[in-house]
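Me: I would like to learn how to read a few backbone and packing features in a structure. Could you take me through them slowly, giving the general idea before the case at hand?

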Amino acid sequence: MYTANEKRYGEMKYNRCGKSGLKLSALSLGMWHNFGSFDDYGNMVKMATAAFDLGITHFDLANNYGPVPGSAEENMGKMLKNEFAPYRDELIISTKAGYTMWDGPYGDHGSRKYLIASLDQSLKRMGLDYVDIFYHHRPDKETPMEETAMALYDIVRSGKALYVGISNYSPEETQKMSGILKSLNTPVLIHQVRYNMLERTPENGLWSVLEQEGIGSIAFCPLAQGLLTNKYLHGIPANSRAAGSSKFLTSDRITPGLVEKVGKLNDIAINRGQTLAQMAVLWNLRDTLTTCLIGASRPEQIIENVNALKNSAFTADELKAIDEILA
Ligand SMILES: NC(=O)c1ccc[n+]([C@@H]2O[C@H](COP(=O)([O-])OP(=O)(O)OC[C@H]3O[C@@H](n4cnc5c(N)ncnc54)[C@H](OP(=O)(O)O)[C@@H]3O)[C@@H](O)[C@H]2O)c1
């Protein structure tokens, strides 16, 4: 049985999530890749325990993470039982439903039928009585938002989740869902959205809605799945996501134009005395983001990425230079 580092809360920063009572570690660990059926369980344990030892308290899942769908939750369940049993109250575990999970009309989207059944399945896979955050994973234009909101409200009332979140909602959808859930006294805790130096859409309206509604923010793919690191500067390494079987990062994304820009960003990172991965994490956290949701394929990456917090904030010139490279 693993014993956690006694100094785990010494270095990490904890940010208040919107206007809630909950604080989240500035970095969170996601289990979308490398925690599925075909991955090495020993490596998962090393990554999850390395993260916790560094003060990461928040672990993010979804019903469909794997492959096979559901297997990341099963592996998390194994780790919760084998490694983290004494630490449940020090952990924030989230899961989601909203994408296709099972066949037929009830295993997808945003109906009450799907959300409640899916969370029940997730809890079973993880061996938990409750998750800390349950998300609606993506907006559903066909289900009335009131129905999705009522399901989230009832999930919280039933004690199966402590807080609710939404993911991939537009600013307008976020505003509407926030209003409905506020009227039910179950405010949206957090919004999970793709945000990194290459993907800045949330700056066009989402951040201001979150601020106005008092909702926290968690950015996924802060390293653009590894593109915002130095690993693809000289080709595609064999042990990288782009070389593997993930359909979410294919080698055709790594174009000469992108490599040129990433090379210039890498020069700025070197001048700052950090790696590009570290600069990408710190850039994510430069403003008002609650937490930066990293992924990893090995524990060393988590250590490197958490160490980003030791470096100083950006100068206005550095931020301008980054904007110019990516314009
Ligand atoms: N809500 C949503 O719709 C949604 C969608 C996508 C993701 N997410 C969440 O966001 C989490 C993170 O997504 P992500 O895994 O794409 O995040 P990411 O942090 O952008 O990419 C992680 C990948 O980058 C590489 N990497 C990490 N640190 C590195 C370092 N220091 N040096 C070099 N390479 C490094 C690793 O890939 P290699 O295999 O190449 O080593 C790692 O698996 C997911 O696990 C999930 O929880 C949510």
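Me: Where is valine 68 found, and what is the peptide bond from proline 67 to valine 68 like?

Reply: In general, most residues other than glycine have a negative phi, and most peptide bonds are trans. Here valine 68 sits in the loop between S4 and H2, and the peptide bond leading to valine 68 from proline 67 is cis, with omega near -5°. Proline 67 lies in that loop too, between strand S4 (58–60) and helix H2 (71–82), and the bond from glycine 66 to proline 67 is cis, with omega near -15°. Helices (H or I, at least four residues) and strands (E, at least two) are DSSP runs, numbered from the N terminus. Please keep in mind that this is a predicted model, in which local features need pLDDT of at least 70 and side-chain atom pairs count only at pLDDT 80 or more, while totals for chains, interfaces and linings use all residues. Residues are numbered from 1 along each chain as its sequence is written.

Me: What is phi of asparagine 168, and is asparagine 168 buried or partly exposed?

Reply: Asparagine 168, found in the loop between strand S7 (161–167) and H5, has a positive phi near 65° although it is not a glycine. Asparagine 168 has 19 other C-beta atoms within 10 Å, so it is partly exposed; a residue is buried if 20 or more other C-beta atoms lie within 10 Å of its own, exposed if 12 or fewer, and partly exposed in between, with C-beta atoms placed from the backbone.

Me: At what angle do H4 and H5 pack, and how far apart are their axes?

Reply: Two packed helices are described by the angle between their axes and the distance between the axes. Axes are lines fitted to C-alpha atoms, for helices over the stretch in contact, and angles run from 0 to 180 degrees between N-to-C directions. Helix H4 (residues 145–157) and helix H5 (residues 171–183) pack at about 50°, with axes 10 Å apart. That makes H4 oblique to H5, since angles under 35 degrees count as roughly parallel, over 145 as roughly antiparallel, 65 to 115 as roughly perpendicular and the rest as oblique.

Me: Which residues of H4 and H5 meet?

Reply: Two residues are in contact if their C-beta atoms, placed from the backbone, lie within 7 Å. On the H4 side these are Met145, Glu146, Ala149, Leu152 and Tyr153, which meet Lys176, Met177, Ile180 and Leu181 in H5.
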